[in-house]
Amino acid sequence: MSSQSNTNFLEPHILRRFTVIKKVGSGAYGHVWKVEEKGSRRVLALKKIFDAFQHATDAQRTYREIEILRQLDHPNIIKLYDTIRAENNKDVYLLFEYMEADLHNVIAEGILKDVHVRFILYQLAKALKYLHSARLIHRDLKPSNILVNSNCAIKLCDFGLVRSLNAKTLGAVLTEGVATRWYRSPEVLLGSKSYSTPADVWSFGCIIYEILAQKPLFAGSCTMDQLEKICAFTGYPS
């Protein structure tokens, strides 16, 4: 049975379509629930984004995520099934396939064996190859954006910061404040306006280390501290 605390953010037309199983996440953007669709009996993830169109930046991020995910089709990228308009015309619901956990929590549990690590990294490499072949960069790769099931199947999620590297956008300015600091590449930290797919590869390398060592590779407290930690590890450039 779902409690009132699980459903008091959901509108009647949503509750008519879905049975809420539990809330699985929340943040500044809104909330995520594990739900069961009453007709199909599918278990899904329902994400509600509050005031999705109030600010231009938030609206752009939401629109970008929806449009990109509608066009992507890969077994290691989260599937967006539907978008549902809220009755207040301010919020929006996104309906995704349901995954049991994220890699951040799985690493913290310390339960991954060598065979699991190899399989997870193989799948993540496939997802990145697919994105980069389509001239897309994710820009926010981190363990909490990699969803995991009990069979170690992974899905890359959170595509709000994805950018296209096609001919029309190659000259566009790419922002520095994107991925979580610990996973930002040096060129991003240094304010490069034209970084490309290697920025994702750097984040991938940081994730590989974190899975194996069960701790972040470069846990900087600010941009300068992040750069200091990187240079202490790699050596200072000439």
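This is a short tour of a predicted model, going from the whole chain down to one hairpin.

**Stop 1: the whole chain.** Start with everything shown as cartoon. You should be looking at eight helices and ten strands. Switch to C-alpha atoms and line the view up with the principal axes: these atoms fill a box of roughly 65 × 45 × 35 Å. The radius of gyration is 19 Å, which agrees with the value near 18 Å for a compact globule, because the chain has 238 residues.

**Stop 2: inside and outside.** Colour by accessibility next. Of the 238 residues, 45% count as buried. Now turn on the surface: the chain exposes about 12600 Å², with 54% of that area coming from carbon and sulfur atoms. For the charges, select the 31 positive and 24 negative ones; their mean positions lie 2 Å apart.

**Stop 3: contacts along the sequence.** If your viewer draws a contact map, take the contacts with a separation of 6 or more. Residues 24 or more positions apart make up 56% of them.

**Stop 4: the β4–β5 hairpin.** Select residues 80-85 for β4 and residues 92-97 for β5; the two strands run antiparallel, joined by five bridges. Zoom in on Asp-82, then look across to β5: its bridge partner there is Leu-95. Side chains in a regular strand alternate between the two faces of the sheet.

Finish at the turn. How many residues sit between β4 and β5 in the hairpin? There are six, and Asn-89 in the turn is the one to click on, with a positive phi of about 60°.

Notes: Residues numbered from 1 in each chain as written. Predicted model: local features only at pLDDT ≥ 70, side-chain atom pairs only at ≥ 80, totals over all residues. Heavy atoms only, no water. Pairing = 2+ DSSP bridges. Helix = DSSP H or I, 4+ residues; strand = E, 2+ residues; numbered from the N terminus. Rg over C-alpha atoms; globule rule 2.2 N^0.38 Å. Buried < 20%, exposed > 50% of the residue type's maximum accessible area, 1.4 Å probe, protein only. Contact = heavy atoms within 4.5 Å. Areas by Shrake-Rupley, 256 points an atom, 1.4 Å probe, with all protein chains shown as cover. Lys, Arg positive; Asp, Glu negative; His and termini not counted. Charge placed at Lys NZ, Arg CZ, Asp CG, Glu CD.
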